[in-house]
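Please look at the sequence and the model below with one question in mind: how is the sheet put together, and what lies around it? The paragraphs after the display follow that question from strands to helices, loops and open spaces.

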Amino acid sequence: MATITEAEHLITVQTSARGEGNVIPEKYLDGLDVEWKEMWTNHGKNMEGAHLVTIEEFRRCPERYSFTYPTWTGPEVHHLQDYQVPVSNPEGLITCRVYTPAGPGPFPVHLNFHGGGWVLGGLQSEAAWCRSICNGSSIVVIDVDYRLAPEHQYPIALYDCWAAVRWAHTNAQSLNVDPNAISIGGLSSGGLITAVLAHFARDCFPPLELKLQLMVVPATDMRYVPLAIPNAEPLTTESCPYPSAIFCADLPWSPLARESWFLNYYIGTDEEVRSKVLSDWRMTPVLSPSMKGLAPAHIVTAEFDVERDEAEYYGQLLREAGNQVTMKRYAGVPHAFAHYNHPTRGLSKSREFIRDTIKLLSEVHGTDKRNQVA
């Protein structure tokens, strides 16, 4: 599979760097969350977008391209342990970080697949959320450090995460978890992984019954993302069916150019290969040949997000196929709002999201009732 070349990347950088930089375009000002507007203006406007450099440059100095001001590592948990889990195609090992609450167990278990466009991210990306869920819902949370592009391109991330789910199920006794009480979830690219793995769980033999698929600002259909931003015409209703992608294409914190950057590393830049991959339902879940009989789903979207409408459309397809689906759109906030959960410097909407998901996973796994009895 072809990868992005230095020349192609430089064209993208030069074009993306034109214009107003990180200043918020006027068309967004009225609807933006007040806290986010202030936070970005005071602390984020000078940050350099990762999509404006090569992956090699990002890796040399990740803090330069990461908006860390409103994030934190999360609360202490009762027990944390890393496990090396074997994966295949190609063979290797990935780390699964297991957060365990206090108590005798066996506990329900939730597997988390972090975001980052299959290129960025790791065990620190959603650590605060994982820790908060472990404590607040009294469940084991397993954070999966799947392999990343460009070294490990599509579909390796999918099958690494599926191997982690199978590993958790097979090793339930040693992990002190209930093999019949498994849920999965992820943010952005991790949301797409979650959507696909819900199909894998339904279709394996015997089927693996999941309690929930939690998709947070998931990518579900990226066929509208251009291969090379400089050579692409602006999105229109003819080229893209999702109004949020058209309206939010020039957002300073997560523009369409960022989506293109991720895809160029994850699925490459060979147009024929790219077209084939984007036609595969494992990359574009809205194309799944069957939506029936999937695990209950909860889909979280953000108002100011390129991927908002494709995520809600996927929820509509799931519902029309007879699945149990709930959705919540968080008003005024950006794609990555769930990360910005620092207790004092973060977004109120991010802390609301943590409370919401603690409540949701407690109800799904019945720990709310057990905790009341205890």
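The core to start from is an open sheet of 8 strands, in the order 1-2-4-3-5-6-7-8 and with mixed pairing. Strands here, like helices, are DSSP runs numbered from the N terminus, with at least two residues of E for a strand and at least four of H or I for a helix, and two strands pair if DSSP finds at least two bridges between them. Strand 1 (79-87) and strand 8 (325-334) stand at the edges with a single partner strand each, so one side of each has no neighbour in the sheet. On average, and with direction ignored, neighbouring strands of this sheet are turned by 20° against each other; axes are lines fitted to C-alpha atoms, for helices over the stretch in contact, and angles run from 0 to 180 degrees between N-to-C directions.

Before going further, it should be said that this is a predicted model, in which local features need pLDDT of at least 70 and side-chain atom pairs count only at pLDDT 80 or more, while totals for chains, interfaces and linings use all residues. Residues are numbered from 1 along each chain as its sequence is written, and side-chain values use heavy atoms, with hydrogens and water left out.

Within the sheet, strand 3 (residues 107-113) pairs with strand 5 (residues 177-187) in the parallel sense over 6 bridges, and Leu111 stands opposite Ile184 in strand 5. Strand 5 is also joined by 6 bridges to strand 6, the two running parallel, and here Ser183 stands opposite Leu212 in strand 6. Strand 6 is mostly covered, since 6 of its 7 residues are buried, where buried means under 20% relative accessible area, exposed means over 50%, and partly exposed lies in between (1.4 Å probe, protein chains only).

Which helices pack on or lie across these strands? Helix 4 (residues 127-137) packs on the sheet, touching strand 1, strand 2 (92-100), strand 3, strand 4 (140-145) and strand 6 (210-216), and its direction makes about 45° with that of strand 2; contact means heavy atoms within 4.5 Å. Helix 5 (residues 156-170) lies across strand 1, strand 2, strand 3, strand 4 and strand 5, and runs at about 115° to strand 1. Helix 9 (residues 256-266) is largely enclosed by the rest of the structure, because 11 of its 11 residues are buried; among them are Arg258, Glu259 and Trp261. Just after helix 9, Gly268 takes a positive phi of about 85°.

Some loops hold backbone features worth checking by eye. A cis peptide bond, with omega of about -5°, joins Gly105 and Pro106, and Pro106 has its place in the loop between strand 2 and strand 3. The bond from Phe205 to Pro206 is cis as well, with omega near -10°, and Pro206 sits in the loop between helix 7 (189-203) and strand 6. Asn89, in the loop between strand 1 and strand 2, has a positive phi near 55° although it is not a glycine, and this residue is exposed, with a relative accessible area of 66%.

Last come the open spaces. Rolling a probe the size of a water molecule over the atoms shows where empty space is left. On a 1 Å grid over the protein atoms alone, a cavity is a set of points where a 1.4 Å probe fits but cannot get out, a pocket is an open set with protein on both sides within 12 Å along at least five of seven lines, and lining residues have an atom within 4 Å of a point. Grid points are joined across faces, edges and corners, and a volume is the space filled by probe spheres set on the points. The structure holds 1 cavity of 30 Å³ or more, and about 90 Å³ of space lies in the largest cavity. Its lining includes His110, Glu126, Gly185 and His339, and strand 5 gives the largest share of that lining, 3 residues. The largest pocket has a volume of about 1100 Å³ and is lined by 50 residues, of which Ser66, Phe67, Ser125, Arg258 and His339 lie nearest its centre.
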